[in-house]
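Open the model in your viewer and follow the stops below in order.

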Amino acid sequence: MHQLNPLPPGPKQKPIVGNLFDMPLVDTAKAFAKWQGLYGDIIYLEALDQRIMVLNSFEHADELLSRKSYSDRPVPMMLGELMGLGQSFPLLRYCTAWKDQRKLSHLALNPGAIKGYTSLQAEAVILFLDSLVENPSNFMSQLRLASGRIVLSMTYGVPVKSPESMNFIDELEIMMEIIGKGMMPGAYLVDTFPWLRHIPSWVPFNNIHTIATEGRTRLLRVIGLPFEYVKQQLASSSPNASFTATCLQEEDAADMEHHIRWAAGSMYGAGSETTMGTILTFILAMALYPDIQAKIRMELDRVIGHGQLPTLDDRSRLPYVNAAIKETMRWDPVVPLCLPHFTSKEDVYQGFRVAKGTIVFPNIWAISRDNVSGIPPEEFAPERFLDTCVEKTALDPYSYAFGFGRRICPGRFFADNSIFLFVTGLVSNFVISPAVGSDGKHSLLKVPFRQGLMRFPESFQVSILPRSEQLAAELQARAREMSESDDGCRSNL
Ligand code: HEM
């Protein structure tokens, strides 16, 4: 009966290849959003045999993706099976193993548990701010380090300041680039033609097995090294507290070891670049919109005190700061096409056939272009979320930027706290402005963004200067004090 319903509209398909050559490879989410004018909010494509549906509106994404049968994931052959990433729960099918790992992650990331990480998050942010006083032009690599350290410390108890953290983070960064590329449909030929994996490696020009072996080796290192670190810690007299340590000390730990290893690795992989990308976008926005930066600073000075660092308890007293965080997540969402969902059953939606085995992309980018507040979506304007400023406030990005339904990001509360501490620390202590070249101009309007699963500004120059010498000295003193104090992860798991 489903077969009688028409498929949703989309670009005209060519024989055999379908829409293979229509798939936008650059700024994919933006290109799908532009198609909205031609085909509407539900768009259908077929690349060779793979069915793809794009949902360009919040209503459709919210309604469809909360259904059980849309909670599955497509598992790309190269990344999922040949490299082995299919064992991590962001890529697991909707199955018992996924439920087990998801439950474990809830242990670490529920709203109560995350209170125990506040001090390690604050500590990593202060170290980051201190590094900006010394070397502001190095802000990107310092931010990468700080966001990685926060997740490493929560997941594995690696102390924020330890030298191990740098090695682990370097390994993770390379792996995340491979994952970002490999998650897009048809990234590797073997994803489209799975039978290619049977071609032996000695056949000329066949690099499938080389790429798979390199990826698998790297992945096992990324997941394995910090896990072994925890095991060594547990054998010592005073192990650091962490998600992995707590799980490994449970009675049924031996049976669960595989899931603990992959749940920890999943959180570590999913949590670090997303936070970094969001803060990079915020820094870019602050350089481009000095008036907004001044308003955030004014609120912080008035409510918290000149150059003082707020705590998470101050959040409810900082409406403009909260609106600016929402605006950062909306203005350029870090995961613009979400993670792909996958249908496990035939369905009919709005009269259209949705076949079993369709990849479904909720287009977070398109959803974030909502114009109800009357403020153009391309402008960075926290005012769109404040009912004191606009008649109708914009759709809250917390309802879409972290995904949908059963697959919604389990790290959203933890991420939100880190973002608050970074954003407030930066603006209360520094002034961010465009770095001007020898021609007196800046190039922030043409900043290249990372392509693939995650999107964030990749290389750009800004000036980040302390507001005063006194504030810089205070920050340095706090960072020094922390270096001298006892170290360790302060988890309350
Ligand atoms: C700004 C920060 C972040 C953003 C914007 C973000 C966004 C997302 C999105 C859009 C998804 C896909 C949801 C779906 O499929 O519907 C996701 C999944 C996931 N996120 Fe996050 N995330 C962030 C930070 C974090 C952090 C800090 C962690 C862990 C510490 C984390 C762990 C995960 C995991 C494990 C999944 C897979 C969930 C599953 O498949 O069941 N994320 N995230």
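The tour goes from confidence to the sheet and then to the ligand.

Two notes before selecting anything. Residue numbers start from 1 along each chain as its sequence is written. The model is predicted: local features need pLDDT of at least 70 and side-chain atom pairs count only at pLDDT 80 or more, while totals for chains, interfaces and linings use all residues.

Colour the chain by pLDDT, the predictor's confidence in each residue from 0 to 100. The chain has a mean of 91, and 98% of its residues reach 70 or more. Then select residues 487–493, where the pLDDT is below 50. Beyond near neighbours in sequence, this stretch has 30 contacts in the model (C-beta atoms, placed from the backbone, within 7 Å).

Next, show the strands (DSSP runs of E, at least two residues, numbered from the N terminus). Four of them form an open sheet in the order β1-β2-β6-β3, with mixed pairing (two strands pair if DSSP finds at least two bridges between them). Select β1 (42–47) and β3 (341–342): each has a single partner strand, so one side of each is left without a neighbour in the sheet. Add β2 (residues 50–55), which pairs with β1 in the antiparallel sense over six bridges. Here I42 stands opposite L55 in β2.

Finally, centre on the ligand. Which residues come nearest? Of the 28 around the ligand, these are A270, G271, G403, C409 and G411 (a residue is near if its C-beta atom, placed from the backbone, lies within 6 Å). Now select the helices (DSSP runs of H or I, at least four residues) α5 (96–109), α12 (253–288) and α16 (412–429), each supplying at least two residues of the shell. α12 gives the most, with seven residues.

Conventions. Two residues are in contact if their C-beta atoms, placed from the backbone, lie within 7 Å.
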